[in-house]
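Visitor: I am new to this structure. Please take me through one part of it closely, and then show me what surrounds that part.

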Amino acid sequence: MVFRTVLKALQGFLGTLLLAGMFAASMASTAASQSDADARELVYKLGTGDRVRVIVFNEEDLSGEFEVDSTGSLALPLIGNISARGLTLREFETSVADALRDGYLKDPRVNVEVLNFRPFYIIGEVENGGEYDFVPEMTVLNAVALAGGYTYRADDRRVFVTKAGTNTEVEHRMESAIKVLPGDIIRVPERFF
């Protein structure tokens, strides 16, 4: 009788442990998919003001440093203007290689790297609002620090961010994990009390 009671208790414990493991695995999977979605959102896309280095392997005359102009294009040797706005670096490399392959080179190998990112902007209740140079892995908290910190009227619990290429201002709770990308506009609001 004691053996059956111990066995039932052990089965109950193992069942609870199994359910807890399944729940933890489910949460980890959800967190991983959320992290993947965040990473996709933070993939860098070229825009006006970015300065890039285009390297065409074994073709020094076609390689060089170029800036994305106000139309979102770059003027490259031989192929002329080619659109870059909204493309990732890999997409732009493919676009340049395809253009070169179309009557100019047999098998072009192209590499593109960003030399200077376009700036981001911070306004509102910070000491020195304005335009600032972007640095990779920048967060909203880093941006506030670059702008001299909060004013005495600042609401340091929330921030509004307008992502580059959109017209929608999104409110966020202030935390160090909010990533900033080039061209973003950060607004620190005034507190109400």
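Guide: Start with one pairing between two strands. In S2, Phe-66 is the bridge partner of Val-52. The model shown here is a predicted one.

Step back to the strands themselves. S1 and S2 run antiparallel, and four bridges join them. They belong to an open sheet of three strands, ordered S2-S1-S5, with antiparallel pairing. Strand S2 (64-67) and S5 are the edges, and each has a single partner strand, so one side of each has no neighbour in the sheet. From one strand to the next, the twist averages 30°. A helix comes in here too. Helix H2, residues 89-101, lies across S1 and S5 and runs at about 130° to S5.

Now turn to the aromatic rings. A pair of such rings is described by two things, the distance of the centres and the angle of the planes. For rings to pair, their centres must lie within 6.5 Å. By this rule there are three aromatic pairs. Take Tyr-44 and Phe-117. Their ring centres are 5.0 Å apart and their planes stand at 90°, so this pair is edge-to-face. Where do Tyr-44 and Phe-117 lie? Tyr-44 is in the loop between helix H1 (2-41) and strand S1 (51-56). Phe-117 is in the loop between strand S5 (110-116) and strand S6 (120-124). The pair therefore ties together parts that are 73 residues apart in sequence.

How covered are these two residues? Tyr-44 is buried, at a relative accessible area of 14%. Phe-117 is partly exposed, at 24% relative accessibility. The cut-off explains the split: buried means under 20%, so 14% falls inside it and 24% does not.

A further pair is formed by Phe-120 and Tyr-132. Their rings are stacked, 6.1 Å centre to centre, with 25° between the planes. This pair links distant parts of the chain. Phe-120 sits in strand S6 and Tyr-132 in strand S7 (residues 130-132), twelve residues apart. Phe-120 counts as buried, at 0% relative accessibility. Tyr-132 counts as buried as well, at 18%.

The rings also gather into a group. Tyr-44, Phe-117 and Phe-134 form one aromatic cluster. Elsewhere, a ring meets a charge. The charged end of Arg-187 sits over the ring of Phe-160, at 4.3 Å from the ring centre.

Next, a residue that carries an acid group is worth a stop. Glu-125 lies in the loop between S6 and S7. Is Glu-125 buried or exposed? Glu-125 is buried, with 12% relative accessible area. Its side chain and that of Thr-151 are joined by a polar contact of 2.7 Å. Set aside its neighbours within four places in sequence, and Glu-125 is in contact with residues including Gly-149, Tyr-150, Arg-153 and Ala-154. Val-188, Pro-189 and Glu-190 are also among them.

Finally, the whole chain. The protein has three helices and ten strands. Along the sequence they follow the pattern α-β-β-β-β-α-β-β-β-α-β-β-β. Of the 193 residues, 32% count as buried. Among the contacts with a separation of 6 or more, 48% come from residues 24 or more positions apart.

How values were computed:
Residues are numbered from 1 along each chain as its sequence is written. This is a predicted model: local features need pLDDT of at least 70, side-chain atom pairs count only at pLDDT 80 or more; totals for chains, interfaces and linings use all residues. Side-chain values use heavy atoms; hydrogens and water are left out. Rings of Phe, Tyr and Trp (its six-membered ring) pair if their centres lie within 6.5 Å; planes under 30 degrees apart count as stacked, over 60 as edge-to-face and the rest as tilted. Buried means under 20% relative accessible area, exposed over 50%, partly exposed in between (1.4 Å probe, protein chains only). A charge sits over a ring if NZ of Lys or CZ of Arg is within 6 Å of the ring centre and within 35 degrees of the ring normal. Two strands pair if DSSP finds at least two bridges between them. Axes are lines fitted to C-alpha atoms, for helices over the stretch in contact, and angles run from 0 to 180 degrees between N-to-C directions. Contact means heavy atoms within 4.5 Å. A polar contact is a pair of N or O atoms within 3.5 Å; within protein, one must be able to donate a hydrogen and the other to accept it, and residues adjacent in sequence count only if both atoms are side-chain atoms.
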